[in-house]
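Visitor: Please give me a close look at a single part of this model. One connected account is what I am after.

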Amino acid sequence: MNLDNINNAPSQAVADAVMGLLDRLQDHPKAVQSIAAAVLFLQVAKTHRFDPQHIFTVAGNMLSDTIHGERPQFRALRLYAESELK
């Protein structure tokens, strides 16, 4: 397991990948969206032999900008999710 790749993942590339996933999730009911995202997260972590808790922590840190509060690319994702995932 290469933690450097996880800890230093480019936030814009992550945001772009998430946008594609959100686009596909919006076609399903709320409960299915949430469970599908969680199952995908766990399966990807397991497949790549990453600790899911560590990835979850890194993702939470990536969402926040300690100076501005929210990174712009993730603000756009949040707004998209709030309007499209219904």
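Guide: A salt bridge here is a side-chain nitrogen of Lys or Arg within 4 Å of a carboxyl oxygen of Asp or Glu. By that rule, the side chains of R78 and E82 form one, at 3.2 Å from N to O. The model is predicted, so to read it: local features need pLDDT of at least 70, side-chain atom pairs count only at pLDDT 80 or more, and totals for chains, interfaces and linings use all residues. Numbering starts from 1 along each chain as its sequence is written, and side-chain values use heavy atoms, without hydrogens or water.

Stay with R78 and E82. Both sit in helix α5 (helices are DSSP runs of H or I, at least four residues; strands are E, at least two; numbering is from the N terminus). They are four residues apart, about one turn of the helix. R78 has a second partner: its side chain meets that of E70 in a salt bridge of 2.8 Å, N to O. The structure holds two salt bridges. Through shared partners, E70, R78 and E82 are joined into one network.

How open are these three side chains' residues? E70 is partly exposed, at 26% relative accessible area (buried is under 20%, exposed over 50%, partly exposed in between; 1.4 Å probe, protein chains only). R78 is partly exposed too, at 32%. E82 reaches 48% and is also partly exposed.

Now place the network in the whole. The protein has five helices and zero strands. Read from the N terminus, the order is α-α-α-α-α. Its C-alpha trace spans about 35 × 35 × 15 Å along the principal axes. Of the 86 residues, 17% are buried.

Helix α5 has another role in the layout. Consider the largest pocket (on a 1 Å grid over the protein atoms alone, an open set of points with protein on both sides within 12 Å along at least five of seven lines; lining residues have an atom within 4 Å of a point). It holds about 1200 Å³ of space, counted as the space filled by probe spheres set on the points. The lining takes in 31 residues, with V14, V18, L21, F41 and A59 nearest the centre. Helices α2 (11-25), α3, α4 (52-63) and α5 (72-84) each give two or more residues to this lining. The lining divides into 26 nonpolar, three polar and two charged residues.

Note on methods: 1 Å grid on protein atoms, 1.4 Å probe; cavity = no way out; pocket = protein on both sides within 12 Å on 5 of 7 lines; lining within 4 Å. Nonpolar A, V, L, I, M, F, W, Y, C, P; charged D, E, K, R; others polar.
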